[in-house]
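This report looks at strand pairing, at the contact between chains and at nonpolar packing. Please read it alongside the sequence and the structure shown here.

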Amino acid sequence: MPQMIMIDPVSRIEGHAKITIHLDDAGQVEQARFHVTEFRGFEQFCVGRPFWEMPGITARICGICPISHVLASARAGDAILAADVPPAAEKLRRLMNMGQLVQSHALSFFHLSAPDLLLGMDSDPATRNVFGLMAAEPELARGGIRLRQLGQEIIEYLGGRKIHPSWAVPGGVRSPLSREHATALQERLPEALQTTHQALALFKGLIERFSAEVASFGNVPSLFLGMVGPDGRWEHHGEKLRIVDETGSVLRDQLDGARYREFISEATEAWTYLKSPFYTPLGRQQGAYRVGPLARLNVCNYMGTPAAEAELAEFRQRAGAPALSSFYYHYARLIEILACLERIEQLLEDDDLFSNRLRAEAGVNQYIGVGVSEAPRGTLFHDYTVDANGLIQAVNFIIATGQNNPAMNQAVTQVAQRFVHGPTIPEGALNRMEASIRAFDPCLSCSTHASGHLLLDVRLLDAAGNLLDHVAR
Amino acid sequence: MSVRTLSINGQQVSAPAEATVLEAARDAGITIPTLCHLDGLSDVGACRLCLVEITGSNKLQPACHTRVAEGMEVQTETPRLQQYRRMVVELLFAERNHVCAVCVANGHCELQNLARALGMYHVRFDYLSPTCAVDITHSRFGIDHNRCVLCARCVRACDEVEGVHTWDIAGRGVASRVISDLDQPWGESTSCTACGKCVLACPTGAIFRRGVTVGEMERDSAKIRFIVEARNQRW
């Protein structure tokens, strides 16, 4: 008799979710689904606000990656002003985005996923958390926490606060970096680089042990979307988009994110609040794409800084080019931290960071503005329509996590097929399903524009929809 | 100038006969919270935050609108007054949509400062969550009725200091709204001189300069008093 298992809620991710596993008549896994159960409604209640307030409002979508929203929103505002942002402001925005990438990636790797990776997928759930990690690997845990702190400090030094700074504004940014803060950051960089190199070495040593996870954590062909520079350099802000297919062939290059409607469509499902965007020319199934660290490494030609360059070469050797297993998101995340630290080091030498010419002023010169930025979890789109005075008439967000939705569903299905047999869920299988989701570092509060804190909930249902097993934490 | 002697919180205070209790208290260094009062403008006694107890009267009196009298005994900080004031501020928060975290006046807001000073750490009343418009039709300024507390400081600054009376209040009770001219968009007002005195007078983020973002709406409302005094002292 067909059955369904439910994991509700999913833990150690950002937001509320549950997983359902559908079993066929023979008790084998037929399909698993990742449901996002929260709803927030930012696209609705932002209507009627002046567009220049949007960075401050949309920052509140997320406490982990407010900067991504601030920056995408400010860029959408730039487009409405139809004004060029002062070069110093552009560099400062990049600096803050790199702070954001470092702190969010450090959180994902060290705080949320390292317990699975270092303590083991089957270890005791009571200690399989950041506190267990502190006990088992105190040096690494401390380094990871301090790495995140560095990213947060960059944000605080620029925006005046670590969380939700309303610092980037349409036309530029509000304040520069001070010389004292630049020096303070420079002093912190060697330690951060060392931690990142250690984590990379550790992760590479673990890959062999996780061959089952590499094979089953969303190891699927898909397209990849990410930002690149004009010559294909790895980029995270202010550049164009590229789409590659599962063989690594470039399908489209130097796409203007502002024209995303020409190549991205959004589908909805009755069972989740998460939208599922796809690459329009290839349709819903074939056009499914992944974004985020893995996608950014897959779409770029080169990283542009020496240590990250060497790591990218090794990554491609180990994980493939393009890397298809979503387990390698962790690996890609660490390489991106390295790239950011190297670029921050270079950028801190630039005197423009201390400039006071930071904000272009203009009126409403275009009624539609789209802002695109690479958030830690992937490409983020803010699309605003305003009236002649600048009041928001319509808002559309395409959030990184939504774009990974098809791949996350494939990941939980693959893991369930490999590790669940019969109507009860072994603890290790439960955790692997959660861990396969964690690899994407999804942010559900962002992607459903939602509220509340997050746990895991898995349900096993039969073909008639009856609940057979239910595991919740 | 005749002088009156009274006691405020047991402290002997002298004040000119035409002074209000609020003025007498401030001269004596005693703080009474206010919101609709702004130095330089007439008083209307609308916000009820400056209510004080006066011995011999069973009614609470607004300090901004009560003249000093010989032998008057005033109390400004009784538990009853503190409770009422906090309730007044809670009701103001509940009546419209005040979201400090994303407000242009965050950190520079008299309503926010009052809430903090009066120990308002939550609102006990149901929020009315009304639908309020934002009017940014003016070339330089905007008004967000979500953040308006109907103190009418803008109305008085416009009328008494600029002498234009673009602003007024229409409606009754919770339906009251500040309007420009005959309730038309601010940008279409023919009387507005774009002087910005209403922007100076507003205690919250309700009236703001176009383009300001979270926490950027700083203003010097003391300029209203400066203008009035400077004008009166001219030959």
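## Strand pairing, interface and core

In this predicted model, B:I143 in strand 7 of chain B has B:I207 as its bridge partner in strand 10 of chain B. Strand 7, residues 141-144, turns B:F141 and B:I143 one way and B:G142 and B:D144 the other, and all of these residues are buried. Strand 7 of chain B is also paired with strand 6 of chain B, with which it forms a hairpin that leaves five residues between the two strands; here B:V134 is bridged to B:D144. The two pairings are set out below.

| Strand pair in chain B | Sense | Bridges |
|---|---|---|
| strand 6 (residues 134-135) and strand 7 | antiparallel | two bridges |
| strand 7 and strand 10 (residues 207-209) | antiparallel | three bridges |

Between the chains, 14 residues of chain A are in contact with 10 residues of chain B. On the side of chain A that touches chain B, helix 2 (residues 54-58) of chain A supplies the largest share, three residues, and by class that side has six nonpolar, five polar and three charged residues.

The largest nonpolar core has 209 residues, and those with the most contacts inside it are A:I5, A:I19, A:I21, A:I335, A:V412 and B:C154. Helix 4 (residues 87-119) of chain A gives this core its largest share, 14 residues, while domain 1 (3-77) and domain 2 (86-229) of chain B each contribute at least three residues. Leaving aside neighbours within four places in sequence, A:I21 is in contact with residues including A:M4, A:I5, A:V29, A:A416 and A:L460.

Key: Residues are numbered from 1 along each chain as its sequence is written. Chains are lettered from A and ligands numbered from 1 in the order in which they are written. This is a predicted model: local features need pLDDT of at least 70, side-chain atom pairs count only at pLDDT 80 or more; totals for chains, interfaces and linings use all residues. A residue is buried if 20 or more other C-beta atoms lie within 10 Å of its own, exposed if 12 or fewer, and partly exposed in between; C-beta atoms are placed from the backbone. Helices (H or I, at least four residues) and strands (E, at least two) are DSSP runs, numbered from the N terminus. Two strands pair if DSSP finds at least two bridges between them. Two residues are in contact if their C-beta atoms, placed from the backbone, lie within 7 Å. Ala, Val, Leu, Ile, Met, Phe, Trp, Tyr, Cys and Pro count as nonpolar, Asp, Glu, Lys and Arg as charged, and the others, Gly among them, as polar. A nonpolar core is a set of buried Ala, Val, Leu, Ile, Met, Phe, Trp, Tyr and Cys residues joined through C-beta atoms within 7 Å. Domain bounds come from an automatic or database domain assignment.
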